[in-house]
Amino acid sequence: MAEQPMPDKQRLTIDIMQHQGRFQLAAQLSLPMRGVTALFGSSGCGKTSLLRLVAGLDRLQKGRIALGQTVLADTEQGRCLPPHRRRLGVVFQEPRLFPHYRVAGNLRYGMPKHMARRFGAIVELLGIRQLLGRYPATLSGGEARRVAIGRALLSDPALLLMDEPLSGLDAARKTELLRYIRRLSVEVGVPIVFVSHAPEEIVDVADALVLMDAGKVLASGSLDEMLLRFDLSEPLAGFDGASRLVGQVHRHDDNDRLTEIVLADGQLLRVPAFDAPQGQSIRLRIPARDIALATQPAVSGVLNGLSYRNQLNAVIEEATLLSDSDASVELRLRLGDQALRARVTRQAWRELGLTVGQSVTALVRCVAFSAQHAFAAQYSQAPIE
Amino acid sequence: MISDWGVMQLSQAEFDAILISLKIAGVAVGWILVPGIALAWLMARREFRGKALLDGVLHLPLVLPPVVVGYLLLVGLGTQGVLGSWMHQHLGIRLPFTWQGAAVAGGVMAFPLLVRAVRLSLEAVDPELEAAAATLGAGRLRVLFTVTLPLALPGLLTGTVLAFARALSEFGATITFASNIPGETRTLPLALYSLIQTPGGEAAAARLCVLAIIIAMVSLVTSEWLARRARLRLQGRDGGETHGGTANAG
């Protein structure tokens, strides 16, 4: 999905220079105020520092941060809005709930009057209704984080900043919380900037990506495009060369426990069954290692004698060797208006006589999918009122 | 024939001494509470030039002989004193040899104890919780009253009771600055001192001694109970009420 250019008033613009001891943070960014944007980089790369500067929790030394037309800080004009007037929701790494308020009191702490009518819907969305009467000390890690997210949301923020909100949770809780985050972005419509050093979290929920290293921004843009960029293969090594496909739930096959997903160009993908209404938009993560290539075209969608359930007609758009020492060739395959990343050995590339522009069949392992990686890209229901 | 209870029967003078003590200590703590909390917050949350010096001055009453503090008060706030003469002329306030003066002496002596206890409890409040409140749109004052002070409540209570007990037991500064006037500035410790000086005052002195112990114990136990309740609430339990229930059920 190519990112459409947006007017400045709907973007978070950052142009800053900050010293913290020997560490220097220099960033120029313009982020869309829509969907989920992930700040990715190893620990100590400056993600959290950047987030704190945007939230106003640390004092900006030099530069300018603006949210649409609201200047949050501008050192040249000597302006700096205090955090309580920035209208930014922050979800910290620790939930930081107020221990002396019950859950309901925490949720209402920053809630302006006009948000009262959305209280019930947000509580329902986060699944925290049964917790309202409890004190934070009695909550589990996952519960406390959901309450923290609800508390930030109910303050009606123009932007929600999340600093590794999933750290320290077990895998099942993480997946669950990622779903909530995705739903917030889609159903509540609040833009989210999400700090993470976990590639799988990012691939599951993010629309855009900011790649940081040692206090600098290496690259930023739509996540789908960044995942397909060969030049970012090294900093994005943790992503397993994964790329994403968007499709719609077409049909559930109860006998074989499969769900069929129809892609934009009409081709079908079969994945292990998961629970989602027909017609729902779904985003699937496919690591490069789960794709094999065949030179024969799939006649009526099926190549004989192969166990691969997903046989997609594709065109090799680009091929490159990441380094001379690599045994494999990185490929970008085109499927209609979507693209997929694949990887074949040098030997296979030579012996099959593959070339750029050639039509091939991409064989995608069915078991490569699991329901937890099928995240809603867009919900058909009307946004919460 | 004297009944056992008769021994504990208080004379009017002794009764007055207790009332005066409670009044003076109460007024003293009432006046130092707000400035004490403000100063404690400043020491806990802000860095500024001269902080170490201020900290030293603040602790002086703890280490100086109380008589020295009383003398300094007399020099400063006496009717001939620098500030005292001005107050006397323009405001008509005379502090030496009045119960208000005794309250000033008690307040000054209790101040460092209050500030110390409150400061420690404020330092224990996670500043990141205050930051979280700010990101939710709460201004400085709202953060102070809804997050900082409630979380520091156990220390606040302890500090208040310590200060109250210190003001109640004040002797040296009081007798120097406010003298030992029956019905006006004769507090419990001063009355006790006078009785010890008087032949035949042993029984009365013993009664006041027992009373002093009772008052101190009651305030300590009350503060401990309140602080415990506040702490339990912070841990997500309702002030120990459920404990009794469980014990009965078991």
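**Asking why in a predicted model**

Q: Are A:Glu330 and A:Arg341 buried or exposed?
A: Both A:Glu330 and A:Arg341 are buried in this predicted model. That puts each of them under 20% relative accessible area.

Q: What makes A:Glu330 and A:Arg341 a salt bridge?
A: Their side chains meet at 3.2 Å, N to O. The cut-off is 4 Å, so the pair counts. A:Glu330 is in strand S18 (residues 328-335) of chain A, and A:Arg341 is in strand S19 (residues 338-345) of chain A. The pair links distant parts of the chain, 11 residues apart.

Q: Which residues do salt bridges that share partners join into one network?
A: They are A:Arg52, A:Asp58, A:Arg96 and B:Glu128. Over all chains, the structure holds 23 salt bridges.

Q: How do you know that A:Arg182 and A:Asp207 form a salt bridge?
A: Look at their closest N and O atoms, which are 3.4 Å apart. The limit is 4 Å, so this pair passes. A:Arg182 sits in helix H5 (residues 171-188) of chain A. A:Asp207 sits in the loop between helix H6 (199-205) and strand S10 (208-213) of chain A, so the pair ties together parts that are 25 residues apart in sequence.

Q: Why is A:Arg182 called buried?
A: Its relative accessibility is 4%. Buried means under 20%, so A:Arg182 qualifies.

Q: What makes A:Asp207 partly exposed?
A: A:Asp207 has a relative accessible area of 22%. Buried stops at 20% and exposed begins over 50%, so A:Asp207 falls in between.

Q: How do you know that A:Arg270 and A:Glu260 form a salt bridge?
A: The closest N and O atoms are 3.8 Å apart. That lies within 4 Å, so the pair counts. A:Arg270 is in strand S14 (residues 268-272) and A:Glu260 in strand S13 (residues 258-263), both of chain A.

Q: Is A:Glu260 buried or exposed?
A: A:Glu260 is buried, with a relative accessible area of 9%. Its partner A:Arg270 stands at 26%, over the 20% limit, so A:Arg270 counts as partly exposed.

Q: Why is the pair of A:Phe98 and A:Tyr109 called tilted?
A: The ring centres are 4.7 Å apart, within the 6.5 Å limit, so the rings pair. The planes meet at 55 degrees. Stacked needs under 30 degrees and edge-to-face needs over 60, so the pair is tilted. Both residues are buried. Ring pairs link A:Phe98, A:Tyr101 and A:Tyr109 into a cluster.

Q: What lies over the face of A:Phe98?
A: A:Arg151 does, at 4.6 Å from the ring centre. The limit is 6 Å, so the distance fits. In chain B, B:Lys23 lies over the face of B:Trp99, at 4.2 Å from the ring centre.

Q: Why is B:Leu122 called buried?
A: Its relative accessible area is 1%, under the 20% limit, so B:Leu122 counts as buried. B:Leu122 belongs to helix H6 (residues 99-123) of chain B. Its contacts beyond four places in sequence include B:Ile37, B:Trp41 and B:Leu149.

Q: Which residues make the nonpolar surface patch of about 480 Å²?
A: The patch is made by B:Leu53, B:Val57, B:Leu60, B:Leu62 and B:Val63. Patch residues must have over 30% relative accessible area, so each of these passes that mark. B:Val57 lies in helix H3 (residues 51-63) of chain B.

Q: How many helices and strands does chain B have?
A: Chain B has 13 helices and zero strands. Of its 250 residues, 42% count as buried.

Conventions
Residues numbered from 1 in each chain as written. Chains lettered and ligands numbered in written order. Predicted model: local features only at pLDDT ≥ 70, side-chain atom pairs only at ≥ 80, totals over all residues. Heavy atoms only, no water. Patch = residues over 30% accessible without salt bridge, like charges linked within 9 Å, V, L, I, M, F, W, Y side chains within 5 Å. Areas by Shrake-Rupley, 256 points an atom, 1.4 Å probe, with all protein chains shown as cover. Helix = DSSP H or I, 4+ residues; strand = E, 2+ residues; numbered from the N terminus. Buried < 20%, exposed > 50% of the residue type's maximum accessible area, 1.4 Å probe, protein only. Phe/Tyr/Trp six-rings, centres within 6.5 Å; stacked < 30°, edge-to-face > 60°. Lys NZ or Arg CZ within 6 Å of the ring centre and 35° of its normal. Contact = heavy atoms within 4.5 Å.
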